[in-house]
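Please open the structure in your viewer and keep the sequence beside it, ready to select residues by number as the tour goes along.

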Amino acid sequence: MVGGTGLVLVELMVVLAVLGLIIGISIPSFRSFFKKAPLEQAISDVEGMCRQARSDAIINKRTMELVLNDSEESVVLRSAARTVMGVDPETGGEANLVEQGEVLDRVELAADLQIIEPLDEDFVGLLELRFYPNGTAEPVDLRVTDGNEAYILSLDPVTGHTTVVNENP
């Protein structure tokens, strides 16, 4: 009877050792899986903000702006400033007044945002991208990277739809 219990205990210890070995081998795979998550979340956030800007522009019949900040790694969705008729507070008469845009959403990216196009000599890392009520948008190409992998997001100016391509398949 004692010998039988000892054998079961040894078998249990062998099974636990094998399970420990399997878990030890699989931990690096799980770590690499979680390292990709911030990059995939960042590209998903940018793509989602583009979709939201386009749909808000169409639904509200108002130009929307997506502010891409290359240096702060952030994306801000806001309604575009517009001119409206109103009473001038200084003169009391009717005048064209500028109604400032309202910030609707903001996302901080956990990856590096690089604006590829459009760039000009005055570019300072901040791009205001407009989405119009007819569903069109200004074209842009972005790279979102974590240093190892990168995704390229392109915005079609005619349809306002995004295309995402893994740069290192």
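**Starting at a helix, ending in the core**

Begin by selecting E47, which counts as partly exposed because its relative accessible area is 21%, in what is a predicted model. Add R51 to the selection, and you will find the side chains of E47 and R51 meeting in a salt bridge, with 3.9 Å from N to O. Both residues belong to helix α1, where they lie four residues apart, or about one turn of the helix.

Now zoom out to the whole chain, whose secondary structure amounts to one helix and ten strands. Of its 169 residues, 30% count as buried.

Next, select the side chains of L66, L68, F131 and L142, which touch the most other members of the largest nonpolar core, a group of 28 residues. Elements giving two or more residues to this core include α1 (2-60), β1 (64-69) and β7 (126-131), and the largest share, eight residues, comes from α1. Centre the view on L66 and look beyond its neighbours within four places in sequence: among its contacts are M49, C50, V75, L77 and F131.

For the next stop, select R130 and E128, whose side chains meet in a salt bridge at 3.7 Å, N to O. Adding E65, R78 and E138 to R130 and E128 completes one network, joined by salt bridges that share partners.

Finally, select E108 and R106, which form a salt bridge with their closest N and O atoms 2.8 Å apart. E108 counts as partly exposed at 49% relative accessibility, and R106 is likewise partly exposed, at 43%. A search of the whole structure finds nine salt bridges.

How values were computed
Residues are numbered from 1 along each chain as its sequence is written. This is a predicted model: local features need pLDDT of at least 70, side-chain atom pairs count only at pLDDT 80 or more; totals for chains, interfaces and linings use all residues. Side-chain values use heavy atoms; hydrogens and water are left out. A nonpolar core is a set of buried Ala, Val, Leu, Ile, Met, Phe, Trp, Tyr and Cys residues joined through side-chain atoms within 4.5 Å. Buried means under 20% relative accessible area, exposed over 50%, partly exposed in between (1.4 Å probe, protein chains only). Contact means heavy atoms within 4.5 Å. A salt bridge is a side-chain nitrogen of Lys or Arg within 4 Å of a carboxyl oxygen of Asp or Glu.
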